[in-house]
Amino acid sequence: MYRVLNNDLVREYVDKTPKLRSLLLNDDESASLLEVSEIGDGNLNFVYIVKNGDKSLVIKQAVPYLRCVGEEYPLSRIRMTFEIEALKKEKEICPQFVPDIYHSSHEMSLVAMQNLNRHKILRGEMIKRKVFPKLAKHIAIFLADTLFYTSDFYLTSKEKKELVKKFINIELCKITEDFIFTHPYEENETNSYSPKLDMSVVKNFRQSKEIKVAIAKLRYKFMTEAQALLHGDLHTGSIMLNEEETFVIDPEFAFYGPMGFDVGIYLANLAMSYISCDKDEHSYKEYVESLIKDTWEIFSKRFKENMINHEKEVKSLQWDYPNGLKHFEAFCDDFIASMFDDSVGFMACEMFRRSVGLAKVADIADIKDEEKRAKKEKNILECAGVLVTSKYDSIDEVIKEIKKYDR
Ligand code: SR1
Ligand code: MG
């Protein structure tokens, strides 16, 4: 039976779950030895670290409401079922980028997994201006492989449709539809504004025909294009890493959607980190710029290789004629180009919502000087408005655009 855990109940749960007990305690040891602390700082769930000396693990539990709002915002616990299933799928595809799962319970809406105690959350590390040489490559591969291997390019029609059915994540998709694609573009009680934000910028994007049409199209795309199993919330708080290893966590928003959504959300968080930098932080800005460029370039190259290698393996009749493979390659380029346009569009949506919506990013929200914070938010909003209404041919052009808002 479901119970909301607390530190004592976590000890009791471990004690009664043979797999977890054996990972943390010797047979003759009592569960009272276990040190438990709640460390969750996300918007949705509770996260406990359970330790016995140098043995440890993490237990994450969903409660029947949205943590960052409180019990007055009910949210069913089924989100943990999506998180568990998405973690398993991602682990199958990219074991090196997904924590080990030790135990899961749909009934208790919890998952027990590897404690990433040698790793830190990327957002916090970027705020401290830390550099990770392998990050771009790792996230690019994670994106290219999870998106490709869950799409119609790789799976049979039946396998793919069964997965689409399994990942109908109604409630969390509704959160995204509301908080990314709707509320920021209207007067809504959930929005919040920095005290010194120039509200004419907000009025401008809320009443711009070009921006509103572009956002409405992206919202529709998000709701209708079941291209691949998305992580669904791939911001820099969903990544834990050190110099050598990178892990993607928290896929509770997983569902079948447009591939560019995951890419765009991630790139937007890099762009906001870039804009958060001070004028004189030249080398960090160069690093973030290289992250944006390398992520897209490694991702698109790998995605195309995945497509071509698979086609060479299956040798479908459709492309089996002289020049067939060349024609298939032209299709790959065309698909990747439209994924690029989508990514830039979704990037802009994430930038709008993190500036005026309910859930902010610490890179900007933690800037103490109110004038400075409001100026950065204005830059992000104006940059988002241009990104969502323009057409770019390359990631270099997008970077050039973002750099104009470093002012
Ligand atoms: C209203 S919930 C706010 C946000 O937290 C999650 O991390 C998602 O980004 C969601 O939109
Ligand atoms: Mg999350």
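For these entries I count Ala, Val, Leu, Ile, Met, Phe, Trp, Tyr, Cys and Pro as nonpolar, Asp, Glu, Lys and Arg as charged, and the others, Gly among them, as polar. The model I consulted is a predicted one.

**Entry 1: the shell of ligand 1**

I listed the residues around ligand 1 and found N43, L66, I175, F179, D233, H235, F253, R353, R354, L358 and A359. Sorted by class, this shell holds six nonpolar, two polar and three charged residues.

**Entry 2: polar contacts**

Which side chains place an N or O atom by an oxygen atom of ligand 1? I noted N43, at 2.7 Å, and D233, at 2.6 Å. For R353, I recorded 2.5 Å between a polar side-chain atom and an oxygen atom of the ligand. I then looked up how far ligand 1 is covered: on its own it has 320 Å² of accessible area, and the protein covers 96% of this.

**Entry 3: the site**

I checked the pockets and found that the largest is the space taken by ligand 1. Helix 7 (170–179) and helix 12 (324–356) are the elements that give two or more residues to the shell around the ligand.

**Entry 4: aromatic pairs**

I found 26 aromatic pairs in the structure. I examined F181 and F346, whose ring centres are 6.0 Å apart with the planes at 80°, so I entered the pair as edge-to-face. F181 belongs to the loop between helix 7 and helix 8 (199–206), whereas F346 is in helix 12; the pair thus links distant parts of the chain, 165 residues apart.

Terms used: Residues numbered from 1 in each chain as written. Chains lettered and ligands numbered in written order. Predicted model: local features only at pLDDT ≥ 70, side-chain atom pairs only at ≥ 80, totals over all residues. Heavy atoms only, no water. Near = heavy atom within 4 Å. Polar contact = N/O pair within 3.5 Å; in protein donor to acceptor, adjacent residues only side chain to side chain. Areas by Shrake-Rupley, 256 points an atom, 1.4 Å probe, with all protein chains shown as cover. 1 Å grid on protein atoms, 1.4 Å probe; cavity = no way out; pocket = protein on both sides within 12 Å on 5 of 7 lines; lining within 4 Å. Sits in = over half its atoms within 2 Å of the grid points. Helix = DSSP H or I, 4+ residues; strand = E, 2+ residues; numbered from the N terminus. Phe/Tyr/Trp six-rings, centres within 6.5 Å; stacked < 30°, edge-to-face > 60°.
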